[in-house]
Amino acid sequence: MTGVLVGVLLLVAIVLAVALTHVVATSRSATHQPGQPDGLSDEVVTGLMAELRKWQAEAAHWKATAERLQRELDQRQ
């Protein structure tokens with residue numbers, strides 16, 4: 001009998017934990033609409049755009065270096 005009681009109590013605890021998690025998640029997301037960016041999204045996008053600009057600048061630098069070296073090789077021949 002105690003095994004059944006422990007099982008039922010464990011099941012009730014799991015159901016309550018899931019219900020509580022659902023209520024908290026629903027209340028936190030009540031002000032957010034799907035597709036609308038929030039503060040964190042803006043911060044992430046800003047950081048990613050900065051990284052993209054750095055990579056583009058580095059790619060442009062190495063492209064210019066490769067072109068310069070190719071011109072120097074062409075002039076030697």
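These legends go with a set of close-ups of one predicted model.

Residues are numbered from 1 along each chain as its sequence is written, and side-chain values use heavy atoms, with hydrogens and water left out. Since this is a predicted model, local features need pLDDT of at least 70 and side-chain atom pairs count only at pLDDT 80 or more, while totals for chains, interfaces and linings use all residues.

**View 1. The whole chain, two helices and zero strands.** Helices (H or I, at least four residues) and strands (E, at least two) are DSSP runs, numbered from the N terminus. With a radius of gyration of 29 Å, well over the 11 Å that the globule rule gives for 77 residues, the chain is more spread out than a compact globule. (That radius is taken over C-alpha atoms, and the globule rule is 2.2 Å times the number of residues to the power 0.38.) Along the principal axes, the C-alpha atoms fill a box of roughly 95 × 35 × 15 Å. Buried residues come to just 1% of the 77; buried means under 20% relative accessible area, exposed over 50%, and partly exposed in between (1.4 Å probe, protein chains only). About 7,200 Å² is exposed, and carbon and sulfur atoms supply 68% of that. Accessible areas come from the Shrake-Rupley method with a 1.4 Å probe; for residues, only the protein chains shown count as cover.

**View 2. Helix α1 and its nonpolar patch.** Helix α1 runs over residues 2–28. From first C-alpha to last, α1 reaches 39 Å, close to the 39 Å expected for its 27 residues (the expected span is 1.5 Å times one less than the number of residues). There's hardly any cover here: zero of the 27 residues in α1 are buried. Val4, Val8, Val12 and Leu16 make a nonpolar surface patch of about 360 Å². Patches are made of residues with over 30% relative accessible area and no salt bridge, with like charges joined within 9 Å and nonpolar side chains (Val, Leu, Ile, Met, Phe, Trp, Tyr) within 5 Å. Val12 qualifies on exposure because its relative accessible area is 42%.

**View 3. Glu51 and Lys54, a salt bridge in helix α2.** The closest N and O atoms of this pair sit 3.0 Å apart. A salt bridge is a side-chain nitrogen of Lys or Arg within 4 Å of a carboxyl oxygen of Asp or Glu. Glu51 and Lys54 are three residues apart in α2 (residues 39–76), so about one helical turn separates them. Glu51 is partly exposed at 37% relative accessible area, whereas Lys54 is exposed at 52%.

**View 4. Arg68 and Glu72, another salt bridge in α2.** The whole structure has two salt bridges, and in this one the N to O distance is 3.0 Å. Arg68 and Glu72 are four residues apart, which again means about one helical turn. Both ends are partly exposed, Arg68 at 38% and Glu72 at 33%.

**View 5. Leu52 in helix α2.** Leu52 is partly exposed, with a relative accessible area of 40%. Follow the chain 13 residues from Leu52 and you get to Thr65, with 20 Å between the two C-alpha atoms.
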